[in-house]
Amino acid sequence: MATQQDAITRATFDDVILPIYAPAEFIPVKGKGSRVWDQQGKEYVDFAGGIAVTALGHCHPALVETLKTQGETLWHTSNVFTNEPALRLARKLIDATFAERVVFMNSGTEANETAFKLARFYASTRHSPYKTKIIAFHHAFHGRSLFTVSVGGQPKYSDGFGPKPADIIHVPFNDLHAVKAVMDDHTCAVVVEPIQGEGGVTAASPEFLKGLRELCDQHDALLVFDEVQCGMGRCGELFAYMHYGVTPDILTSAKALGGGFPISAMLTTHEIASVFHAGSHGSTYGGNPLACAVAGTAFDIINTPDVLSGVNEKRQLFVKHLQQIGEKFDLFSDIRGMGLLVGAELKAAYKGRARDFLYAAADAGVMVLNAGPDVMRFAPSLVIDEQDINEGMNRFAAAVAKVVNG
Ligand SMILES: *Cc1c(COP(=O)(O)O)cnc(C)c1O
């Protein structure tokens, strides 16, 4: 007799879930470290990391232990009460960064929504009700609420949902002149991903971020870094702003922050935070004890010299493999990104076919990502070992051979 589990297949998805995703044909059921198994027991090497989320791999023993312990202690209080795991995590983030105040949410979208609302509120409180302009960038991704898709620079995600929030301007990424041309005293914030993730794994140039900092200072605008994807160790530093030596006024973090448990954070200064008061903004779940406890343990592991320097060593191995695959199959025009956010752009002959390589990779037993139609993206666990990298890359090479040889 079929068990309940046997009755669940990929076909079930189309019967029960909103058609906003096109998930792979297999269903993962178990993970350990950088390996994942599907319903049929087939094993995969995980170079996708749940989209740069499972920064310590699957079922890391320390995270499991924390989740179990907190799960038997206290799950949820709401923000009518504060809780110890949230306060401890906030202290860790403040001790390790520019920030003096932190607020927890549940997703990158919510952290950015909070950041954008705070930037507008700060400008209208401290300066003028007309200081509302937000400058953002083409190909940027900041989340899926109406405000965050509107600040994001990919109209395909925001078209059809209007009317959109007003006074948001998009200019080309890494183009300081374009920013200068639209920057004025009505600008309340410049919002940027130090390394664009979804938009194609493109790192900002140091001059660009430094220039944005200067422009913001000249015009009393806030500099907001969306580090939802590139932060929390992924670039080889705790946050990308540390690599660039450019300090934002507001920073958002999510994805790797909880190592797989949903949580996000917005970090800022005391001065900026002080325009808000009880009731200005909020979330029922934000700062949930389970999420904050797990994130606290993930933070302690990620924010160590061992793990952070390991990221750069592992990157070298990734890049070496990708260069070899690129040369052998005449496949990549560029290998880029930072740390363990690696992008490989497909040459003209394979433009638009990133998904074909992704599906072939899964067939060959390795999970990879794309970032748009032309870029393969790799965002594995920050503690993935050499053997898993080599095995996953062998499988990826086999998948590439299949696609290329037709
Ligand atoms: C993933 C992502 C978001 C949105 O995060 P969600 O948790 O999906 O809401 C925002 N900004 C960046 C840079 C991201 O990569």
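Helices (H or I, at least four residues) and strands (E, at least two) are DSSP runs, numbered from the N terminus. By that rule, threonine 114 lies in helix H6 (residues 108-126). This is a predicted model: local features need pLDDT of at least 70, side-chain atom pairs count only at pLDDT 80 or more, and totals for chains, interfaces and linings use all residues. Residues are numbered from 1 along each chain as its sequence is written, and side-chain values use heavy atoms, with hydrogens and water left out.

## Domains

The chain is divided into domain 1 (10-59 + 305-405) and domain 2 (74-303). These bounds come from an automatic or database domain assignment. The two C-alpha centres, of domain 1 and domain 2, lie 27 Å apart. Domain 1 gives 25 residues to the contact and domain 2 gives 26 residues. Contact means heavy atoms within 4.5 Å.

## Nonpolar cores

A nonpolar core is a set of buried Ala, Val, Leu, Ile, Met, Phe, Trp, Tyr and Cys residues joined through side-chain atoms within 4.5 Å. Buried means under 20% relative accessible area, exposed over 50%, partly exposed in between (1.4 Å probe, protein chains only).

The largest nonpolar core holds 101 residues, of which Met376, Phe378 and Phe396 touch the most other members. Helix H14 (residues 305-329) supplies the largest share of this core, 8 residues. At least three residues come from each of domain 1 and domain 2. Phenylalanine 396 is in contact with Leu322, Ile325, Phe332, Ala361, Val366, Val368, Met376 and Phe378, leaving aside neighbours within four places in sequence. Another core, of 20 residues, lies apart from the largest one; among its members are Phe116, Ala119, Ala136 and Val151.

## Annotated positions

UniProt, in an unreviewed entry, lists Gly108, Thr109, Phe141, Asp226, Glu227, Val228, Gln229 and Thr284 under "binding site". They spread over 177 residues of sequence and, in space, up to 24.8 Å between C-alpha atoms. The lining of the largest cavity takes in Thr284 from this set. The unreviewed UniProt entry also lists Lys255, as "modified residue: N6-(pyridoxal phosphate)lysine". UniProt positions are given in the numbering used here, feature names are shortened, and annotations may be inferred rather than shown by experiment.

Phenylalanine 141 is found in the loop between strand E5 (133-137) and helix H7 (146-151). Valine 228 sits in the loop between strand E10 (222-226) and helix H11 (240-244). Lysine 255 belongs to the loop between strand E11 (250-253) and strand E12 (264-268).

The table gives relative accessible area and contacts, leaving aside neighbours within four places in sequence.

| Residue | Relative accessible area | Contacts |
|---|---|---|
| Phenylalanine 141 | 18%, buried | Gln154, Tyr157, Glu193, Glu198, Asp226 |
| Valine 228 | 8%, buried | Gly108, Asn112, Thr252, Ser253, Ala254, Lys255 |
| Threonine 114 | 2%, buried | Val103, Met105, Met266, His281 |

Lysine 255, with the same neighbours left aside, is in contact with Ile51, Ala52, Val53, Glu198, Val228, Gln229 and Ile263.

## Cavity

On a 1 Å grid over the protein atoms alone, a cavity is a set of points where a 1.4 Å probe fits but cannot get out; lining residues have an atom within 4 Å of a point. Grid points are joined across faces, edges and corners, and a volume is the space filled by probe spheres set on the points. The structure holds 1 cavity of 30 Å³ or more. About 30 Å³ of space lies in the largest cavity. Its lining consists of His76, Thr77, Ser78, Asn79, Phe81, Asn83, Thr284, Tyr285, Gly286, Gly287, Asn288 and Pro289.

Notes. On a 1 Å grid over the protein atoms alone, a cavity is a set of points where a 1.4 Å probe fits but cannot get out, and a pocket is an open set with protein on both sides within 12 Å along at least five of seven lines; lining residues have an atom within 4 Å of a point.
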